[in-house]
Amino acid sequence: MFLSVKEMELRKIRFDETLAPGQIDFSGENLEQGSPLHATGTAELMPESDTEVRVRGSYVVEMVAQCDRCLVRARFPLSASFDLFYQPAADLAAEDEVEIDAGEAEIGFYNGGGLELDDILREQVLLALPMQRVCSETCKGFCPVCGKNRNETACDCKTEDTPEGISDRWGALWNLEIFLL
């Protein structure tokens with residue numbers, strides 16, 4: 001759905017959209033949309049500006065990704081609200097570097113006559129996902145010695161640690177000598 005600035009000059013735009021899996025491309029992020037994404041909200045021009053846009057709303061979706069520890073498919077239900085501000089990219093200074101204050105860091109930019117709701121929702125979903133995607137907080141992951149998934153089968157492998165608690169994988173660095181010239 002295109003949120004047109006020209007239409008916002010006349011009235012506030014309300015949206016109530018349901019996007020089926022595949023309508024928003026998450027493939028570059030190794031993600032799948034596991035359920036329809038339902039979003040509701042409004043888009044409007046700010047009263048004191050002819051070009052600054054405010055988009056408020058909420059969404060509900062379930063995303064699917066591989067667990068970072070054991071590589072099984074894990075589901076991540078997301079439900080969040082957003083309150084975003086956008087200005088035309090043409091308002092940016094033509095300089096290579098522009099200093100911004102903390103308030104301006106919260107503002108996004110748009111090109112042309114408006115914004116694509118799909119792009120806004122994609123960004124919001126990606127920001128809501130955890131940095132480390134794990135199937136559960138108790139996930140044991142793979143054994144570093146034999147490679148078995150420790151959630152499915154136990155193994156008797158032992159990993160040797162140094163007295164400092166550093167993994168043996170770093171052993172080659174213990175005796176590293178650095179000479180400064």
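Which residue's backbone oxygen lies 3.1 Å from a polar atom of the side chain of glutamine 33? The residue is serine 35. The model is predicted, and glutamine 33 is a good place to enter it.

**Glutamine 33**

Glutamine 33 sits in strand β3. Its relative accessibility is 9%, so glutamine 33 counts as buried. Its side chain meets backbone oxygens at two residues. One is serine 35, at 3.1 Å from a polar atom of the side chain. Another is leucine 19, whose backbone oxygen is 2.9 Å from a polar side-chain atom of glutamine 33. Beyond its neighbours within four places in sequence, glutamine 33 is in contact with Leu19, Ala20, Pro21, Gly22, Ile24 and Phe26. Val61, Glu62 and Met63 complete that list.

**Overall layout**

The chain has 181 residues, and buried residues make up 33% of them. Its secondary structure comes to 3 helices and 8 strands. Along the sequence the pattern reads β-α-β-β-β-β-β-β-β-α-α. Among contacts with a separation of 6 or more, 57% involve residues 24 or more positions apart. The chain exposes about 12,400 Å². Carbon and sulfur atoms supply 50% of that area.

**The nonpolar core**

The largest nonpolar core holds 32 residues. Leu3, Leu37, Val53, Val55, Tyr59 and Leu121 touch the most other members. Several elements each supply at least two residues of this core: α1 (5-10), β2, β4 (37-45), β5 (53-66), β6 (73-88) and α2 (117-128).

Leucine 3 shows what such contacts look like. Setting aside residues up to four places away in sequence, leucine 3 touches Met8, Ile13, Phe15, Ala43 and Val55. Leucine 3 also touches Gly113, Gly114, Leu115, Leu117 and Ile120.

**Phenylalanine 26**

Phenylalanine 26 lies in the loop between β2 (13-19) and β3 (31-33). Is this loop residue buried or exposed? Phenylalanine 26 counts as buried because its relative accessibility is 2%, and the cut-off for buried is under 20%. Its contacts, leaving aside neighbours within four places in sequence, are Leu31, Gln33, Met63, Arg122, Val125 and Leu126. Leucine 126 is 100 residues from phenylalanine 26 along the chain, yet their C-alpha atoms are separated by 8.8 Å. Glutamine 33 and phenylalanine 26 are thus linked by contact.

**Threonine 42**

Threonine 42 belongs to strand β4. At 14% relative accessibility, threonine 42 counts as buried. Apart from residues up to four places away in sequence, threonine 42 touches Lys12, Ile13, Arg14 and Phe15. Arg54, Val55 and Arg56 are also touched by threonine 42.

**Salt bridges**

The whole structure contains 6 salt bridges. The table lists some of them.

| Salt bridge | Closest N and O atoms |
|---|---|
| Arginine 11 and glutamate 7 | 3.0 Å |
| Glutamate 29 and arginine 122 | 3.5 Å |
| Aspartate 83 and arginine 54 | 2.6 Å |

Glutamate 29 and arginine 122 link distant parts of the chain, 93 residues apart. Glutamate 29 is in the loop between β2 and β3, while arginine 122 is in helix α2. Both partners are partly exposed: glutamate 29 has a relative accessible area of 32%, and arginine 122 has 24%. Arginine 122 is also among the contacts of phenylalanine 26.

Why does the bridge from aspartate 83 to arginine 54 tie together separate parts of the sequence? Aspartate 83 lies in strand β6 and arginine 54 in strand β5, so the pair joins parts 29 residues apart in sequence. Aspartate 83 is partly exposed, at 37% relative accessible area. Arginine 54 is also one of the residues touched by threonine 42.

In the remaining listed pair, arginine 11 is partly exposed, with a relative accessible area of 48%. Glutamate 7 is partly exposed as well, at 29% relative accessibility.

**A nonpolar surface patch**

Leu173, Leu176, Ile178 and Leu180 form a nonpolar patch on the surface. Together they have about 490 Å² of accessible area. Leucine 180 is located in the segment after α3 (171-174). Its relative accessibility is 78%, so leucine 180 counts as exposed; the cut-off for exposed is over 50%.

Definitions and conventions:
Residues are numbered from 1 along each chain as its sequence is written. This is a predicted model: local features need pLDDT of at least 70, side-chain atom pairs count only at pLDDT 80 or more; totals for chains, interfaces and linings use all residues. Side-chain values use heavy atoms; hydrogens and water are left out. Patches are made of residues with over 30% relative accessible area and no salt bridge: like charges are joined within 9 Å, nonpolar side chains (Val, Leu, Ile, Met, Phe, Trp, Tyr) within 5 Å. Accessible areas come from the Shrake-Rupley method with a 1.4 Å probe; for residues, only the protein chains shown count as cover. A salt bridge is a side-chain nitrogen of Lys or Arg within 4 Å of a carboxyl oxygen of Asp or Glu. Helices (H or I, at least four residues) and strands (E, at least two) are DSSP runs, numbered from the N terminus. Buried means under 20% relative accessible area, exposed over 50%, partly exposed in between (1.4 Å probe, protein chains only). Contact means heavy atoms within 4.5 Å. A nonpolar core is a set of buried Ala, Val, Leu, Ile, Met, Phe, Trp, Tyr and Cys residues joined through side-chain atoms within 4.5 Å. A polar contact is a pair of N or O atoms within 3.5 Å; within protein, one must be able to donate a hydrogen and the other to accept it, and residues adjacent in sequence count only if both atoms are side-chain atoms.
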